Amino acid sequence: MTLKNRIATLFFCASASIFAQETQAPQAKQDSVVKQEIKVSFLDSIKATFVHDEMASCIDSMWMKELTSLDLYNTMLEDIKTVDIDQPVDYELPTELLKERLRRLDEKSPFNIEYNPGLENIIKSFLKNRKKHFERLMGVSQFYFPIFEEELAKNNIPLEIKYLAIVESALNPLAVSRVGATGLWQFMYQTGKQYGLSITTYVDERSDSMKASKAASQYMKNMYQIFGDWDLVLASYNSGPGNVAKAIRRSGGQQNYWNIRKHLPKETQGYVPAFLATMYIFEYHKEHGITPSKAIANHFATDTIQIKHHMTFKQISDLLDIPVNEISFYNPSYKRKEVPAITGETHYLRLPKDKIALFTSNEEKVYAYVKYEESKREKPFERLQPQRAKDTSAIAALNRDFIARTRYHKVRRGDNLTEIAAKYDVTVTDIKRWNHLKSNRAPLGRNLKIKMPEEIIVKNVKNEAVKDSTQKAVAVQNNTAEPKYTLTYKTEKVVVNKDVIKYHKVKSGDVLGEIASKYDVSVADLKKWNKLRGTNIGIGDQLKIVKNERVVTTVRKEVKVPVTERTEDIAVQEKVAKIEKMRTTGIKDSTQLVNYYVVAKGDNLFGIAKKNNISVDNLKAWNNLKDNAVKVGSQLIISGEVAEVPVDETPKKEFRTEEYVVARGDNLGAIAKKHRTTVDQLKAWNGIADNSIQVGMKLVVQKTEINNEETQSRVASSKSKSKEKLYHVRKGDSLFSISQKFPGVTIADIKRWNNIKGESLRPGMKLKING
């Protein structure tokens with residue numbers, strides 16, 4: 001038996017060695033091939049060692065952007081302030097049915113819920129105008145309501161108080177009112193401090209859903225001990241207990257909210273009705289066809305972990321692959337998007353449970369990465385260590401400089417980010433960051449941006465060479481006379497991208513989707529630009545379209561040109577020629593009358609005034625400027641001289657038109673037949689694309705050209721007149737002083753030419769001088 005066992009053991013060992021040789025042979029071949037070294041960043045190396053938990057995330061990132069928006073909060077706040085509960089609202093909700101539902105709510109609630117016309121009006125107003133908002137709020141409430149209900153139940157407070165947070169903040173923990181009330185429960189600074197909420201540079205616990213709910217519950221409990229009525233507790237939460245006490249006194253001691261309502265502040269008058277209307281809609285949303293939106297998250301699917309080292313949300317996002325917006329949603333109390341580490345204090349981070357598991361499984365590596373990031377910061381009073389003269393490599397390094405040049409790599413079939421990173425000696429993380437990539441997949445056909453550092457050798461110049469060059473420069477400067485310069489102006493075309501506003505006139509059959517497609521914009525942008533709540537648009541409406549286009553502007557710059565004897569001779573000859581031209585023709589050269597200055601980048605009023613030998617006061621007066629601010633590209637009047645305006649002497653065709661107002665029952669065919677013309681001609685005259693017309697429209701039905709004799713007589717009369725001139729009024733000018741500057745021109749002429757009735761003039765006015 002022993003011999004058989006020994007033989008079996010020897011056979012097993014032999015077969016194992018043979019199998020090992022066969023498996024090692026291809027492995028040896030693989031090892032013989034030199035593997036390509038892939039460069040990875042410290043972050044990549046840390047994340048490569050993570051132990052990942054296979055738990056799926058249930059958060060949609062698009063909802064996170066929705067939560068950070070304050071549009072819903074601002075809208076609801078404006079409704080409460082401006083709503084007129086005495087104004088009837090047209091909405092299909094029978095009064096008797098509403099009374100019955102309110103009676104049922106009153107039975108299971110400690111609030112005094114009784115029907116009154118004001119409450120009916122505000123309920124109908126919310127149902128008519130805010131249905132979509134309540135669908136979103138019901139989706140968000142699935143995360144917050146369990147937190148509220150737990151704290152309210154601890155203090156034996158009605159659970160219906162949870163609806164108050166909707167009225168206060170529209171369930172936005174980052175909401176801030178105009179007076180500084182912050183968070184889900186809108187605590188003021190002093191009230192928050194009074195109820196134990198910490199407010200520091202890093203943390204504002206008024207935005208913490210759990211701690212703020214605990215403080216709100218304690219406040220409600222204290223107010224109920226004072227007033228003994230939950231309606232008055234709600235009123236005191238909005239306006240303060242002092243205002244409620246005053247309203248009770250002014251009403252003669254009455255203690256029902258609806259009896260003292262008219263003595264409360266205006267905002268509080270709509271506050272309790274808005275709360276009751278919100279409660280009604282949440283309780284009867286199915287009956288009104290309101291479907292709650294998708295749940296953003298469930299509170300029970302999250303957990304907290306104590307943070308032992310200062311961390312930023314960006315670092316947590318990079319390590320755990322969770323968006324910063326999502327971290328902010330779970331932790332709104334950290335104002336600077338950083339979790340501080342302060343001695344004697346504990347700070348917690350709330351995340352989905354799968355991310356908490358990933359964090360705790362790799363906690364040491366997470367803190368190692370944070371410390372590594374912190375070590376890269378420059379320390380105060382840190383100095384470079386002096387290098388020894390013999391260390392030639394260090395000296396060479398000091399004589400080098402690096403610049404970043406951007407290259408582009410077009411992704412071809414078979415490429416991946418790892419190979420591309422190895423090719424250009426960069427990391428995968430850098431490529432993703434430069435090109436805003438969320439995954440590790442290389443997008444086929446796209447040009448990926450690669451930033452390559454290139455080295456530039458900077459030559460050192462010895463002190464002796466520097467001294468020689470400076471001495472030579474001084475000698476040359478002493479031997480040569482200082483060159484003369486003349487100022488000239490150069491116009492350049494600058495191409496910039498600007499938002500250009502266009503308008504689209506709505507025609508019959510137009511819809512928002514087609515208009516958005518035509519101008520290559522989104523429907524959401526169209527609605528935002530034109531403040532549209534729905535998709536309904538009317539024929540003839542002018543819709544604003546904002547397009548980012550290339551705009552070419554002309555900028556006038558001042559250039560210094562060195563003056564030589566040759567250029568001086570040319571300038572003298574040009575001046576003589578201009579004087580001779582003025583003497584023979586009697587007309588000034590238009591190039592001498594530069595009355596405008598185009599503001600360039602870096603200009604200011606004082607510099608412009610100095611360049612043009614005028615005062616700042618005159619510059620502001622001529623251009624109606626209230627302060628010293630000027631915009632780049634704007635034209636400024638810099639002279640009060642007369643600028644000649646050439647009169648267009650070419651005869652233009654003039655037409656006489658006849659219009660017709662469209663009446664009920666009219667169509668283009670009947671109108672064309674009635675006025676002896678064609679439908680196509682009517683369309684051309686009135687710019688109509690289709691056959692649709694509206695009652696009350698004015699249509700051009702006849703268009704005849706005016707006789708050329710009349711036009712020619714006008715042109716002849718305009719030729720007989722001298723060229724029209726414009727005079728820019730300066731500070732201190734009067735009609736009398738201006739008339740003295742132009743022989744033969746009287747004050748009455750200036751008034752008649754410019755339709756002036758009085759004697760007053762404003763600096764900067766342009767007066768026509770026709771004489």
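Is Lys-337 buried, partly exposed or exposed? In this predicted model, Lys-337 counts as partly exposed, with a relative accessibility of 40%. That value falls in between the two cut-offs, since buried means under 20% relative accessible area and exposed means over 50%. The residue sits in the loop that links α17 (324-330) to β3 (338-339). Its backbone also deserves a look: the phi of Lys-337 is near 55 degrees, a positive value in a residue other than glycine. Most residues other than glycine have a negative phi.

A second lysine can be described in the same way. Lys-531 too has a phi near 55 degrees, again a positive value in a residue other than glycine. This lysine is found in the loop between α25 (523-529) and β8 (542-563). With a relative accessible area of 78%, Lys-531 is exposed, because the cut-off for that class is over 50%.

With these two loops located, the chain as a whole can be introduced. Its secondary structure comes to 33 helices and 15 strands. The chain has 771 residues, of which 36% count as buried. Among contacts in the chain with a separation of 6 or more, 69% are accounted for by residues 24 or more positions apart.

The interior comes next. The largest nonpolar core has 70 residues, and those with the most contacts inside it are Ile-123, Trp-185 and Tyr-280. Apart from it lies another core, this one of 23 residues, including Ile-305, Ile-327, Tyr-334 and Ile-356. Trp-185 offers a good place to pause for a reader exploring the model. Leaving aside residues up to four places away in sequence, Trp-185 touches Phe-148, Ile-161, Lys-162, Leu-164, Ala-165, Glu-168, Ala-212, Ser-213, Ala-216 and Tyr-237.

Two of the residues touched by Trp-185, Phe-148 and Ser-213, reappear where helix α7 meets helix α10. Helix α7 (residues 131-154) packs against α10 at an angle of about 40 degrees, and the axes are 9 Å apart. That angle makes α7 oblique to α10, because it lies outside the ranges for roughly parallel (under 35 degrees), roughly perpendicular (65 to 115) and roughly antiparallel (over 145). The crossing of this pair is right-handed. On the α7 side the contact is made by Tyr-144, Ile-147, Phe-148, Glu-151 and Leu-152, and on the α10 side by Ser-209, Met-210, Ser-213, Lys-214 and Ser-217. By class, these comprise 5 nonpolar, 3 polar and 2 charged residues.

Helix α10 (residues 209-227) has a further partner in helix α12 (residues 241-250). These two pack at an angle of about 20 degrees, with 12 Å between their axes. The helices α10 and α12 are therefore roughly parallel, as the cut-off for that description is under 35 degrees. Their crossing is right-handed. Tyr-219, Met-223 and Phe-227 in α10 meet Pro-241, Val-244 and Ile-248 in α12. By class, this contact has 6 nonpolar residues, with no polar and no charged ones.

Helix α7 also meets α15, and here the axes come within 12 Å and cross at roughly 90 degrees. The two helices are therefore roughly perpendicular to each other. From α7, the contact draws on Phe-134, Leu-137, Met-138, Ser-141 and Phe-145, while α15 supplies Thr-278, Ile-281 and Phe-282. These residues divide into 6 nonpolar, 2 polar and no charged.

The loop leading into α15 holds Gly-270, which lies between α14 (266-269) and α15 (271-283). Gly-270 is buried, with a relative accessible area of 5%; the class follows because buried means under 20%. In sequence Gly-270 and Ile-122 are 148 residues apart, yet in space they are 8.8 Å apart, C-alpha to C-alpha.

One more loop, between α33 (747-754) and β15 (766-769), contains Asn-755. Asn-755 is exposed, with a relative accessible area of 69%. Asn-755 and Leu-767 are 12 residues apart in sequence, and their C-alpha atoms are 9.9 Å apart in space.

Definitions and conventions. Residues numbered from 1 in each chain as written. Predicted model: local features only at pLDDT ≥ 70, side-chain atom pairs only at ≥ 80, totals over all residues. Heavy atoms only, no water. Core = buried A, V, L, I, M, F, W, Y, C linked by side-chain atoms within 4.5 Å. Buried < 20%, exposed > 50% of the residue type's maximum accessible area, 1.4 Å probe, protein only. Contact = heavy atoms within 4.5 Å. Helix = DSSP H or I, 4+ residues; strand = E, 2+ residues; numbered from the N terminus. Axes fitted to C-alpha atoms, helices over the stretch in contact; angles between N-to-C directions. Left-handed = near helix turned anticlockwise from the far one by under 90°. Nonpolar A, V, L, I, M, F, W, Y, C, P; charged D, E, K, R; others polar.
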